[in-house]
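The following paragraphs are meant to be read alongside the sequence and the structure, moving from a pair of helices to the interior.

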Amino acid sequence: MALRVLVADPDEDWLYATKEFLEKQMYVVDIVSNGKDAQLSLYNNSYFAIVLNHDVKNHNGVQVLKFIKTNYTNQRVVMIFNSNPEEEISDSDLAEYEDDLRKMGATEIIKKPFENEFLAGTLEGHQGLTDMISHLPRSKEVSDEEEINGDDADYSSIKIEDFYSAKAVLFDIFIRLSSGRYIKILHSGDNFSKDRIDKYKNEKKVEFLYFHKKDRRKFIQFNNWVTQKMLKNAAATAELKVGMLKNVSEKFIEEVFKEGLKPQVIDQGKEICESVYQLIEGEPSLYKVLKSFQDFDPNAYTHAFLTTLYSTAIIKQFEWQSKATIENTALACMFHDIGKMKLSKEILAKKPGDMSEEELEEYQKHPEYGVEMVEGSRMINISIKQMILQHHENYDGSGFPHQKKGKKVLTLANIIHLADEFVHLMIASDKKPTEALRMMLGDKEMVKCFNSTIIENFIKVFVDPGKIKKEFILPSNSKVLKKTG
Ligand SMILES: [Fe+2]
Ligand SMILES: [Fe+2]
């Protein structure tokens, strides 16, 4: 999936230099020197972004912008101004004019002269990826396939249909022949070859691609970046968005569980939590996916992702919700069971109901172990730590580790606890979300574990937000909740 960009500028030397630069990054670049040609290109192609000089002739920048706004409402447009010292415009007039252009649909406004890197950064809105790509040694074509022996433990898999790529391959990509035997089908720095991937997918019926675990962070960074683009795309379905976020979150959680909580890793987590927020906040048909989610994969990473998804969807129903609350809770959800890493394999293999008294005692320490593990990290705030600590406390005081009761149980922790139990139930009993919901609500002992307002808001998660009647909304508890949130 190479990203295509259109650059429209009257300065042809600059056009060619910019094209050359952007092509070295990861883009397919079309260039035009006037507004009319820009419109024609827009008509014939779809673009990730358009870089548009305000002063193009033969349909000026504003006319082209209006054309875009009318015909391609979600198009990303970076508008360029030529700085002209002879033309005296006051700063306030300029600011007002820029505001008008933004209203007309300019996503970003930048002034010449600027460095190529600055333009690339503006296009991506993500400097980190630019750095990553610019440091990538590039070859002109696609290297030969190469068979290698490797340890299965060093590779991480991704479903072939979930694989996205830039124009350049950012990390080595393999297929697995048998245990310990892989073929490197694309090398880092190669031009991306869709043909090669398609050959394995269609002719050889390969279902998974593999990458080396040392490249997992690159994979996460790139995929979160693609996911963020997709989240802004109104034409993409909610299923696709959830699926992309699931892939990137699971690889992130895997990285945390395998490599520990390094600062760079947590930084990536924060970026993913922003994507979670974008999905929760911006996707009106999310409830359909939450209602019908079926891709059950009983591993720990899927569990943590689904807990994140349902917890944040519940928070969205509360009046006091905010971006920070959703993002903090998302991070807490991804880490909620990290303390389990300190438990023995024997304990982890058992369900709590099958554990001996000592084993159960040890198991119930996992929330405290979790807090110990994140303790040293500056980036994990107190609210996140409290959520991890309390994710098994019950509203009726029967939970662990501290048997907190009633209002002493943090609302956000109680929300995670509910989502966590729900996901367990759904996966263990292989039930559809709505069936698992019914089972949960029918279990009186279970219902007592949660604040009733949370349960009411949980039910709303499965309802079309457009159809929730006003009287359904319960503002009564908001005072208490604000205090705990
Ligand atoms: Fe837990
Ligand atoms: Fe859990």
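Helix 2 passes helix 3 in a right-handed crossing, that is, one in which the near helix is turned clockwise from the far one by less than a right angle; helices are DSSP runs of H or I with at least four residues, numbered from the N terminus. This is a predicted model, in which local features need pLDDT of at least 70 and side-chain atom pairs count only at pLDDT 80 or more, while totals for chains, interfaces and linings use all residues. Residues are numbered from 1 along each chain as its sequence is written, and chains are lettered from A and ligands numbered from 1 in the order in which they are written.

The axes of helix 2 (residues 35-44) and helix 3 (residues 61-71), which are lines fitted to C-alpha atoms over the stretch in contact, with angles from 0 to 180 degrees between N-to-C directions, come within 9 Å and cross at roughly 15°. The two helices are therefore roughly parallel, a term for angles under 35 degrees. Where they meet, Gly35, Ala38, Gln39 and Leu42 of helix 2 face Gly61, Gln63, Val64, Phe67 and Ile68 of helix 3, contact being C-beta atoms, placed from the backbone, within 7 Å.

Turning to the interior, the largest nonpolar core (buried Ala, Val, Leu, Ile, Met, Phe, Trp, Tyr and Cys residues joined through C-beta atoms within 7 Å, buried meaning 20 or more other C-beta atoms within 10 Å) has 80 residues, and Val276, Tyr310 and Ile314 have the most contacts inside it. Helix 18 (residues 411-428) gives the most to this core, with nine residues.

Notes
Buried ≥ 20, exposed ≤ 12 C-beta atoms within 10 Å, placed from the backbone. Parallel < 35°, antiparallel > 145°, perpendicular 65-115°, else oblique. Contact = placed C-beta atoms within 7 Å.
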